[in-house]
Amino acid sequence: MAGYADRKHPHEGVRQDIYAKALALEDETGKRFVMVTLDLVGIPRNIADPIAERAAKEHGLARERLLLNCSHTHSGPIVGMRERTSYRLTDEQEAVVARYSRKFVDTAVRLIGEALRDLAPASLTMSYGNAGFAVNRRRVTAATRNFPGPVDHDVLVMAVNDVDGKLRGVVFGYACHATVLNDYQINGDWPGYAQEEIEKANPGAMALFVAGCGADQNPLPRRSVELAKTYGRVIAEAVGQALRAKMTPLSGPLTAVFDRVDVAFDTMPTREEWVRRSNDPNINYATHAKKMLAILDRDGKLMERYPYAVQVWRFGKGFTLLALAGEVVVDYSLRLRAKYGFNNLWVASYSNDVFAYIPSLRVWKEGGYEAGDAMIPFGLPVRFAPSVEETIVGKVEEMMAR
Ligand SMILES: [Zn+2]
């Protein structure tokens, strides 16, 4: 199972089915778009890129018109062959992950094709609800309580209605980790229960969850099935209230931009420093350092920049869905939505490549897990350079202008 490094063995059963779901859209210019939502902790680019390449070849879908988003449930399977130092898998378990990952790519590509074949006339509307269970997790201990604790409690609601006005689909989003549960049962955590509740309340409609900038947000309190179901009901109720109220029509044409920007890592330790760290009594640090030494031996250097994926979908001249890679802290959502208008922009994270935490400069300066410590479980060399926020925001601004 993916998400927590301290699980000791594979899953024991399935509490709730998990899903890959797709929403295909075609605008009045005939351009086609597909959003795929996944009940997974994340997918790395070596899974997302092959899906995108095959979707282009087999379904004629350009990269910018395919949006892949992960719910970040910590109770799903590992997908992706990217080596991570935090999961200590046996060779046999790695083979299972590799086999499942190959099957997953095939399934995702097939799903995209099925969604495109199921296109039918429809109208799109959007609105926001509100829900309050996401807590800024960086300020919940006595030592960190003096940190500011920003949150973004908007619940994105996009509705797809057929020509008779019947609800066919709901895309909903919220900025919070899916970490209520940490046992050995497969399930979608609160986003899974929210999807289930929304679909129960709206027979015939499919509910797709898009994760927001919840990298520093936890659902609190947590750790019981009842709480996961409760938060699912809370989100479903927020979505239901928005659906019953006046929604804003979304118009075409739908325009999309996809690009990558190089985000620099901070100063690298010397080889001697890695050798020293490889003897660290902390097994995680030692394992990480040994991996970095192995890369140094093989390649002569470590990765100095990461090609960070940014995607923009704009509906007509109005609402824009921005999809960012990695686990993005809430500061990005608040900063960009303040700049472009909270009504006009919603920011998804965990999109197209989930490979690291993305701190703001504020979080970077404060330090801690999201600031850089999480690079160790992610198997990347060091924290990002302090320019990370300006690099990404600058790229977003350029793409929004495009
Ligand atoms: Zn996370």
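Okay, let's start at the metal: the zinc ion is held by His 72 through NE2, His 177 through NE2, Glu 327 through OE and Tyr 357 through OH, at 2.1 to 2.6 Å. Donors here are N, O and S atoms within 2.8 Å of the metal (3.2 Å for Na, K and Ca), and water is not among the atoms, so sites may look incomplete.

A quick word on the model: it is predicted, so local features need pLDDT of at least 70 and side-chain atom pairs count only at pLDDT 80 or more, while totals for chains, interfaces and linings use all residues. Residues are numbered from 1 along each chain as its sequence is written, and side-chain values use heavy atoms, with hydrogens and water left out.

Back to the zinc ion. Its four donor atoms make angles of 79 to 172°, and the site comes out as irregular. That label is what remains when four donors are neither tetrahedral (all angles between 85 and 135 degrees) nor square planar, and six are not octahedral (opposite donors over 155 degrees apart, all others between 65 and 115).

Along the chain, the donors are spaced H-x104-H-x149-E-x29-Y. One pair ties together distant parts of the chain: His 177 sits in the loop between β8 (167-174) and β9 (185-186), and Glu 327 is in strand β16 (residues 327-328), 150 residues apart. Strands are DSSP runs of E, at least two residues, and helices are runs of H or I, at least four, numbered from the N terminus.

Are these two donors buried or exposed? His 177 is buried, at 1% relative accessible area, and Glu 327 is buried too, at 3%. Buried means under 20%, exposed over 50%, partly exposed in between, with a 1.4 Å probe and protein chains only.

Now the sheet. It's an open one of four strands, ordered β13-β14-β15-β17, with mixed pairing; two strands pair if DSSP finds at least two bridges between them. β13 (254-264) and β17 (345-348) are at the edges with a single partner strand each, so one side of each has no neighbour in the sheet. From one strand to the next, the twist averages 20°.

β15 (residues 320-324) and β17 run parallel, joined by four bridges, and Leu 322 has Val 347 in β17 as its bridge partner. Helix α7 (residues 330-340) lies across β15 and β17, at about 160° to β17. Axes are lines fitted to C-alpha atoms, for helices over the stretch in contact (heavy atoms within 4.5 Å), and angles run from 0 to 180 degrees between N-to-C directions.
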